[in-house]
Amino acid sequence: MTITSLTIPGMPLYWRVATSMESVNGIPKTLPFTFDVMLQHGLVIQQREPQTLEVLKKIYTQEANVGYLQEGNDFSKPYGKDFLKFLNAVVEEREVKSALEIGCGGCTVLADLKQSGIDVCGIDSSSFAAREGAKHDIPVVTDFYPSEHIKERFDLIFCVDVLEHIDNPVQFLERICNNLAPGGALVVNVPDCTESIDMGDISMVIHQHLNYFERESLRSVVMAAGYEVLDCCSANYGGSLYLSAIRGGRAYKLPENVKRRASTFQVKALNMMEKFKGMLDEAQAEGESIGFYVPLRAFPYIFSCASGREFRLFDDTPGWHQCYFDGYNVCVENFEDLATKPTKILVVMSLTFGEVIRDKLASDPRTAGIKVSLLSEYARG
């Protein structure tokens, strides 16, 4: 059910970073993004467009891997440690002896579980995961889940940053039941979009994410698939939701305020986009240079409010420096580039780490004179 029509035309299709703007056969650089809602679950979603779904399936078999939990990613250590704390509590309570990770990426979580004596395996559509698993002697099936190659039943099945990518999340979770042992547990980790949904903030969207969860919509989807939710909480690091569940349970009545929040998101988003465009127009009229920290969260605004303009992009992810995102011919700079050649205005697009980044900028004399704004300030102002 579409509440109102909101489309971001020609938004970059993020699935990799590259040192040049060369195309990959069959994968477009941009695609439109249209919002929709699953009102019965209070879930903000991306409208299911056949072309987008087909392209995403192809992307997921490529060598590029966008998961955070892999060796060499600085975010992986604190994020992985926080998630493992939640996961290990389930392992101890349920006396887990075997575990399957769906979308296992860098296999870092499976490696930790294996060290504690658990029999582990993974499944991932990219051969990247199989190579990472081989480093730890962990078997990984290269396929999409469900797969005929996964016939066993496990005490624990978990997925990290997977459910937001799934076209039919209820059906996906129902199929997991087939591989859960009696009394087995499901653990799901998804991005927490609560704050963005409340504010009408479109920075959360990328084409790969079909579903945008907050706590109650996640609970609703899981219970609709036939599970009893044991725990659902916010992460202590980063912006994620953790949920644990077992098979069985009762019918769930979604709170009306959750439905209202989802159904009014697009109206709020239109208002937010107007505020953002006003800021860009004012800065441009005064001839001030503008940069964005955390570029992936800037793209939805750039391509909905300021398509055709070029802005400088900054991020501290080491592998992104001097690289390009498909669909936007501006390379990514880092903090040192910004300090050497400051912009007049810098908009920090991260809701989770915005204040941390602003404090870092204020503490360095080379960047202390930059006019820094946080995305959250535009939303609340």
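## Exercises around H165 and its neighbouring sheet

In this predicted model, H165 touches Y60, Q208, H209 and L210, leaving aside residues up to four places away in sequence.

**Exercise 1.** Work out whether H165 is buried or exposed, and find which polar partners its side chain has.

*Solution.* Start with the location: H165 sits in the loop between β7 (154–160) and α5 (169–176). Next, take the accessibility. Buried means under 20% relative accessible area; H165 has 16%, so it counts as buried. Now look for polar partners. The side chains of H165 and Y60 are joined by a polar contact of 2.9 Å. A polar atom of the H165 side chain also lies 3.3 Å from the backbone oxygen of D161.

**Exercise 2.** Trace the open sheet: in what order do its strands run, and which of them stand at the edges?

*Solution.* Walk across the seven strands and you will read β6-β5-β4-β7-β8-β11-β10, with mixed pairing. At the edges stand β6 (140–142) and β10 (227–234); each has a single partner strand, so one side of each lacks a neighbour in the sheet. On average, neighbouring strands here are turned by 15° against each other, direction ignored.

**Exercise 3.** Examine how β8 and β11 pair, then identify which strands α5 and α7 touch.

*Solution.* First, β8 (residues 180–191) and β11 (residues 240–247) run antiparallel and are joined by seven bridges. Here L186 stands opposite A245 in β11. Then turn to the helices. Packing on the sheet, α5 touches β4 (98–102), β7, β8 and β10, and its direction makes about 150° with that of β8. Helix α7 (residues 215–224) packs on the sheet as well, touching β8, β10 and β11; its direction makes about 160° with that of β10.

Definitions and conventions: Residues are numbered from 1 along each chain as its sequence is written. This is a predicted model: local features need pLDDT of at least 70, side-chain atom pairs count only at pLDDT 80 or more; totals for chains, interfaces and linings use all residues. Side-chain values use heavy atoms; hydrogens and water are left out. Helices (H or I, at least four residues) and strands (E, at least two) are DSSP runs, numbered from the N terminus. Buried means under 20% relative accessible area, exposed over 50%, partly exposed in between (1.4 Å probe, protein chains only). A polar contact is a pair of N or O atoms within 3.5 Å; within protein, one must be able to donate a hydrogen and the other to accept it, and residues adjacent in sequence count only if both atoms are side-chain atoms. Contact means heavy atoms within 4.5 Å. Two strands pair if DSSP finds at least two bridges between them. Axes are lines fitted to C-alpha atoms, for helices over the stretch in contact, and angles run from 0 to 180 degrees between N-to-C directions.
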